[in-house]
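Here's a short set of exercises on ring geometry. Grab your viewer and work through them one at a time.

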Amino acid sequence: VQLVESGGGLVQPGGSLRLSCSASERVLSTDAMSWYRQAPGKERELVARARGGRDPEYANAVMDRFTISRDNAKNMVYLQMTSLKPEDTAVYYCYVRSSGGDYWGRGTQVTVSS
């Protein structure tokens, strides 16, 4: 499965961005589709995870500001980010965990700066 992220860019503090991730093959609704991020000098961390039949999971740092959603028919996962802060600056990665393996996208840069 190949994952391609898009939607990153430069945004001012308080602004919004919507990230998209497209999977090249069908992803089962029961498979987890997630967003991770990695800031310079820091470890990669989970931002949000969506799995069929379960409530979405969010990192405390993004709770109530970010929303993950999926379109299983299109094999897409999205991350709507609002009230962005400079500390949200990072490369954001799409991740799929399935019975067939674990897959990562190449990432999209999000920079929050005035």
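**Aromatic contacts**

Ring pairs connect Tyr 36, Tyr 93, Tyr 95 and Trp 104 into a cluster. Keep in mind that this is a predicted model.

**Exercise 1.** Work out which class the pair of Tyr 36 and Tyr 95 belongs to, and which parts of the chain the pair links.

*Solution.*
- Start with the general recipe: an aromatic pair is described by the distance of the centres and the angle of the planes.
- Here the ring centres of Tyr 36 and Tyr 95 are 5.6 Å apart, with the planes at 85°.
- Planes over 60 degrees apart count as edge-to-face, so that's what this pair is.
- Now place the residues: Tyr 36 is in strand β4 (residues 32-38) and Tyr 95 in strand β9 (residues 90-98), 59 residues apart, so distant parts of the chain are linked.

**Exercise 2.** Classify the pair of Tyr 36 and Trp 104, then decide for each residue: buried or partly exposed?

*Solution.*
- The centres of the Tyr 36 and Trp 104 rings lie 5.0 Å apart and the planes sit at 65°, so this one is edge-to-face.
- Trp 104 belongs to strand β10 (residues 101-104) and Tyr 36 to strand β4, so the pair ties together parts 68 residues apart in sequence.
- Buried means under 20% relative accessible area. Tyr 36, at 15%, is buried.
- Trp 104 comes out at 38%, which makes this residue partly exposed.

**Exercise 3.** Find which arginine lies over the face of Tyr 93.

*Solution.*
- Arg 44 does, at 3.7 Å from the ring centre.
- Elsewhere, Arg 18 lies over the face of Tyr 78, at 4.0 Å from the ring centre.

Terms used: Residues numbered from 1 in each chain as written. Predicted model: local features only at pLDDT ≥ 70, side-chain atom pairs only at ≥ 80, totals over all residues. Heavy atoms only, no water. Phe/Tyr/Trp six-rings, centres within 6.5 Å; stacked < 30°, edge-to-face > 60°. Helix = DSSP H or I, 4+ residues; strand = E, 2+ residues; numbered from the N terminus. Buried < 20%, exposed > 50% of the residue type's maximum accessible area, 1.4 Å probe, protein only. Lys NZ or Arg CZ within 6 Å of the ring centre and 35° of its normal.
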